[in-house]
Amino acid sequence: MGQLHALDLAGYSTLNACSVNQQLLPLTAQTNAQGCLEIGGRNVTELVREFGSPLYILDEETLRVACRQYQKAFQRYYPGDFQVLYASKAWSCLAVCALVQQEGCGIDVVSGGELYTALQANVSPAKLYFHGNNKSLQELRFAIESGCTIVADNWLELHSIVELAQGQLRPRIMLRLTPGIECHTHEYIRTGHLDSKFGFDPSQLNEIFTFACHHPSIEWVGIHAHIGSQIFELQPHQDLSVVMTQWLAQASKLGLPFNELNIGGGLGIRYVESDNPPSIETWVKVISESICNACQSQQVPLPKLLCEPGRSLIGSACVTAYTLGSQKVIPQLRTYLAVDGGMSDNPRPITYQSTYRAVVANRMSAPASELVTIAGKHCESGDILLKDILLPQTQPGDILTVLGTGAYNYSMASNYNRLPRPAAVLVRSGEANVILERETYQDLIRQDRLPSRLVPQLLPVGP
Ligand code: LLP
């Protein structure tokens, strides 16, 4: 097994050498003279000492470079207007919203909560797009009043919008359609096939477009589709571009001047060495070219092109540092090493059987010699973060660092077993700023209410 571990990582972390979504480690990751992992100029082991464990460590440089790789690719390959929207479901918090907005991105939100977060981060409503297959009336009202664009998903919503809009501002509406395109990703994160809960069925196209023509009080801006997430193939997005351009042509024949075309997100990232996603540049190039060609053959003007990457913007920018604790050796079978978090801070392995890569931050130069399985601390046998991985010899107290945890980790975190959610720090050029405070035990009972008849039954509790 020898030096495999260290060599592998070196090959996947060269600054700016390739697309951010193809990196295992954040761009600024390096091993210092003491064999410790540094990110954003900060020693990961020391960060854990200072900010506690587990800890999400988000590398500002990687996130910014990913935003720029998207922007530059569109400037290069798409001759029309474009807008990159960050899909904030991947990780929604004030700092991340503010940062991607500084890089020129708009934001895709899917709930009143995500909308509120983006607005509080001062993101311009003109760059906010509100998704969701069952928005409440309250959420629709909030969206209309905020001035963001609503991506309408179904008839109930369309009728509610028309009603809410009466006498008010003219809402900007985009229509979400199900394109009937299959892609090879986990079934839970596929959305483009016809049997999906999202969007209008394409068989209703004429009906929806006719409805739009009859409601000029709404500003109809365009169409949207999203086919799934963690996709490595390019063909589905190429097909999507053609299908959506045909829809644009159909709308224009009915006299609907749609100007925007939103192709969703979905580009995958490298979680382990064997993952091989296309680069951000290739993804943008292929889509841009196929839209340009399709527009030409359908004789429709180039639309403003929008896309909504989540994972490929933020996934590779973050690592989660845990402290190793107990160990269980089952002779001839398996060695379990337990960490101080698990499915509550990263529910992806138990939900989607997702695989990850990990390193020991304080032993980066040691050869990988042990085959181990990393267990979380939850009361659930399935709470396994990484199965059968090679690590150097470790001791309790070592800092196990899981790579590629920026997308759908914090945003899907829970308090299962009443574990407080970890803190998150943003690192850059030797500086570390807390962007999410670690939850406390007091936070855990903040929403609890005790009916007065139960109060006398309370027993004194320990510290
Ligand atoms: N736009 C729409 C309408 C979406 O539904 C999604 C993701 C995106 C954009 C962003 O997709 P991305 O670029 O991140 O692939 N929790 C799952 C992923 C669910 C994705 C949901 N929609 C996971 O952890 O893998």
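**Exercise 1. How many residue pairs are in polar contact across the interface of domain 1 and domain 2?**

Step 1. Fix the rule. A polar contact is a pair of N or O atoms within 3.5 Å; within protein, one must be able to donate a hydrogen and the other to accept it, and residues adjacent in sequence count only if both atoms are side-chain atoms.

Step 2. Apply the rule. Seven residue pairs are found, both residues at pLDDT 80 or more.

Step 3. Know the model. It is predicted: local features need pLDDT of at least 70, side-chain atom pairs count only at pLDDT 80 or more, and totals for chains, interfaces and linings use all residues. Residues are numbered from 1 along each chain as its sequence is written, and side-chain values use heavy atoms, with hydrogens and water left out.

**Exercise 2. Which side chains meet in a salt bridge?**

Step 1. Define it. A salt bridge is a side-chain nitrogen of Lys or Arg within 4 Å of a carboxyl oxygen of Asp or Glu.

Step 2. Find the pair. Glu273 and Arg357 meet at 2.7 Å, N to O.

**Exercise 3. Where does the ligand lie?**

Step 1. Take the domains. Domain 1 is 4–59 + 318–444 and domain 2 is 131–308; such bounds come from an automatic or database domain assignment.

Step 2. Use the shell. Both domains give residues to the shell around the ligand, so the ligand lies between them.

Step 3. Check polar atoms. A side-chain N or O atom of Ser229 is 2.4 Å from a ligand oxygen. For Gly310, a backbone N or O atom lies 2.9 Å from an oxygen of the ligand. Tyr352 places a polar side-chain atom 2.8 Å from a ligand nitrogen.
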